Amino acid sequence: MTQTAKKKKLRLSYEARNALRGYSFILPWLIGFLLFYVGCLVNLVRYSCSAFNTENLQEITWVGLDNFVTAFTAHGSFNQTLVSSIMDMLIDLPMIIFFSLFVAMLLNRKFKGRGLVRAIFFLPIILSADAVGAAITRATELMNAGVTGASAEMAAAAANGGVSVSYFIELFGELAMPPTVLEYIVGAVNRIASIIQGSGVQIILFIAALQSIPGSLYEVARIEGATGYETFWKVTFPMVMPHIITNTIYTLVDRFSTSQVVKLASDTYRNYYQYGLSSAFSLVSTLITIAILGLIVWLLNRRTFYYN
Amino acid sequence: MSTLSKRWQEYKSSPKYFDSKSRLQNGAKNSVLSLFRFILIVGISYVILAPVIGIVSNSFFSRQDSINPMVFTIPINPTLERYTMAIKHLNYLPVLGNTLLYVIGVTLIQLLVCSMVGYGFARYKFPGKGLLFGCVVVMIVVPLQSIRFPLYMAFRYFDPLGLVTLFTGAPTSELMSSPGPTVIMSALGCGLRSGLYIYIFNQFFRGLPKEIEEAALVDGAGTYYTYARIMMPNATPAVITVAVFSLVWQYNDSFFSATFNIPDSILITRKLDGLVAVIANAEKIMTLREQQLYFDAGVVLVLVPVVIIYLILQRSFIEGVERSGIVG
């Protein structure tokens with residue numbers, strides 16, 4: 001039996017045997033992907049159009065688009081949570097990308113104590129995760145409250161002509177800076193802790209990207225007399241552009257999976273037993289996120305130069 | 001006087017002058033830049049470390065310190081009472097042992113499966129490869145959180161392809177409240193961020209020279225022998241990168257533990273969730289301020305193992321990231 005099987009196998013061409021080997025390597029993942037991902041995505045669509053018997057979750061009845069209608073017209077907080085989650089994602093995205101690129105360039109240079117600084121900067125990968133994240137968030141809030149309290153005291157002490165943030169905000173407003181830009185900057189300053197917490201992996205990816213830029217390009221730039229500013233925009237930036245796309249994907253997905261709307265969806269089924277509604281929430285928010293992601297990646301891709 | 005000014009004019013027009021001027025300028029520029037960099041690094045480090053320092057110092061606060069507004073960060077009457085209580089109610093060492101067993105086990109499974117899949121995609125041509133690799137990207141783009149409820153249903157009524165019903169008559173729910181779902185999903189390449197790990201391994205293996213395998217083939221090594229004994233030892237940077245990510249994320253994960261209700265005797269992070277309530281009940285500590293101090297001690301205890309893992313692997317991890325071609 002084994003003999004014939006072996007003979008049969010030997011008769012296959014080299015390519016066919018290679019293909020079989022390839023399949024054998026990816027087989028476990030393929031089963032898992034079909035079973036869990038494809039299966040669950042199909043079920044997600046099915047569940048979102050169904051009503052559940054809370055006594056026995058296997059008894060489901062088809063209700064069409066009722067859950068979606070409820071989600072958008074009747075549910076108290078879904079619309080608001082969805083919009084604010086997406087706005088948060090979109091506001092954080094450019095900040096995280098630029099911050100992590102900046103830090104990566106900073107850490108890519110050689111200086112004393114670089115090892116220590118790197119170890120500190122990658123700590124958020126450990127600390128921002130959800131299980132201990134709550135405690136860290138609380139501690140951050142306490143610290144922030146302390147800082148705010150201190151600055152309030154300072155403002156009170158230096159009331160006669162002291163530094164006041166709101167004064168500067170007004171000043172820039174009167175200098176005809178668009179209020180939206182101003183709000184964005186003020187918002188970004190307020191988010192600085194969350195941006196730093198959220199950019200550990202991105203910094204790593206950018207450092208790896210910067211390491212992969214051939215040194216000869218910088219040499220050429222220097223010989224041609226380019227300034228540091230020009231070198232950044234003409235060499236570094238185009239070369240890390242593909243990795244900006246990678247980081248955009250990672251950041252958006254990461255922000256989405258920790259967003260309020262995802263939390264709302266899981267609360268809806270865990271605490272309120274509205275299974276169909278929860279599935280509708282998940283489906284809608286995921287589709288919107290993927291559409292935004294696709295749009296951004298498409299826009300970036302058109303402007304990307306691939307070195308290889 | 002005139003000779004002096006003449007010499008000065010000469011010196012000014014000579015290349016020597018320009019050299020010294022530019023050197024001075026450069027020196028000033030560099031020191032300003034490095035000062036700027038130093039301030040920036042200290043500032044960002046503070047934002048990252050401040051909450052950690054706060055938690056660690058709070059965990060040593062005694063009752064007097066916690067209500068004394070003069071005490072900031074450094075306790076006057078430090079106490080270890082928070083720790084003894086937290087260790088007692090966390091059942092620290094046994095639960096931590098279970099947790100590490102679970103986390104390391106899942107990490108090993110992830111390493112094996114994701115490296116295999118990454119290797120298969122990197123080195124073999126087969127029909128539908130592009131489409132299938134697209135599926136890996138789908139796994140990265142659609143987070144597990146999106147399919148949380150269907151996943152819950154899949155394991156609440158566990159019945160893959162009707163096999164369980166075929167043998168026992170009804171779907172089983174025995175896998176709930178156990179590490180079973182995590183292990184199964186990781187073994188089938190769908191664990192926590194498996195898509196990312198597959199991607200990392202794929203990028204790394206693609207960067208290795210093909211001659212290595214050709215030499216192995218000529219020397220008579222089989223497919224799986226080549227993978228296990230020749231390619232994997234060469235993939236150390238990628239292995240370390242994925243191992244660190246997987247260890248740390250799995251340890252801190254709350255998605256699997258909450259969705260599949262993994263008991264808190266196995267996961268110390270779940271034990272931590274209930275710590276405040278347990279201490280408040282058992283020790284009759286009712287002030288929120290003091291409960292928070294116990295919680296801080298618990299957080300420190302839970303964080304210590306990951307920080308140790310991180311510090312041990314940190315250097316090779318960062319080198320690994322730089323060399324692993326993670327970005328290809």
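**A tour of chain A and two cysteines**

Start by selecting chain A, whose secondary structure comes to 15 helices and two strands. The model is predicted, and colouring by confidence is a useful next view.

With chain A coloured by pLDDT, the average is 80, and 83% of the residues score at least 70. Now select residues 145-163 of chain A, where the pLDDT is below 50. Beyond near neighbours in sequence, this stretch has one contact in the model. Where pLDDT is low, the predicted coordinates should not be read in detail.

Go back to the whole of chain A and show its surface. The chain exposes about 17100 Å², and carbon and sulfur atoms supply 64% of that area. Of its 308 residues, 43% count as buried. Next, display the contacts in chain A. Among those with a separation of 6 or more, 69% are between residues 24 or more positions apart.

Now select the cysteines in every chain. How many disulfides are there over all chains? The count comes to zero, taking a disulfide as a pair of cysteine sulfur atoms within 2.5 Å.

Centre on C49(A), which is in no disulfide. The nearest cysteine sulfur belongs to C40(A) and is 16 Å away. Is C49(A) buried or exposed? C49(A) is buried, with a relative accessible area of 8%.

Finish in chain B with C114(B). The closest cysteine sulfur to that of C114(B) is in C190(B), at 9.3 Å, which is too far for a bond. C114(B) is also buried, and its relative accessible area is 0%.

Definitions and conventions: Residues are numbered from 1 along each chain as its sequence is written. Chains are lettered from A and ligands numbered from 1 in the order in which they are written. This is a predicted model: local features need pLDDT of at least 70, side-chain atom pairs count only at pLDDT 80 or more; totals for chains, interfaces and linings use all residues. Side-chain values use heavy atoms; hydrogens and water are left out. Buried means under 20% relative accessible area, exposed over 50%, partly exposed in between (1.4 Å probe, protein chains only). Helices (H or I, at least four residues) and strands (E, at least two) are DSSP runs, numbered from the N terminus. Contact means heavy atoms within 4.5 Å. Accessible areas come from the Shrake-Rupley method with a 1.4 Å probe; for residues, only the protein chains shown count as cover. pLDDT is the predictor's confidence in each residue, from 0 to 100.
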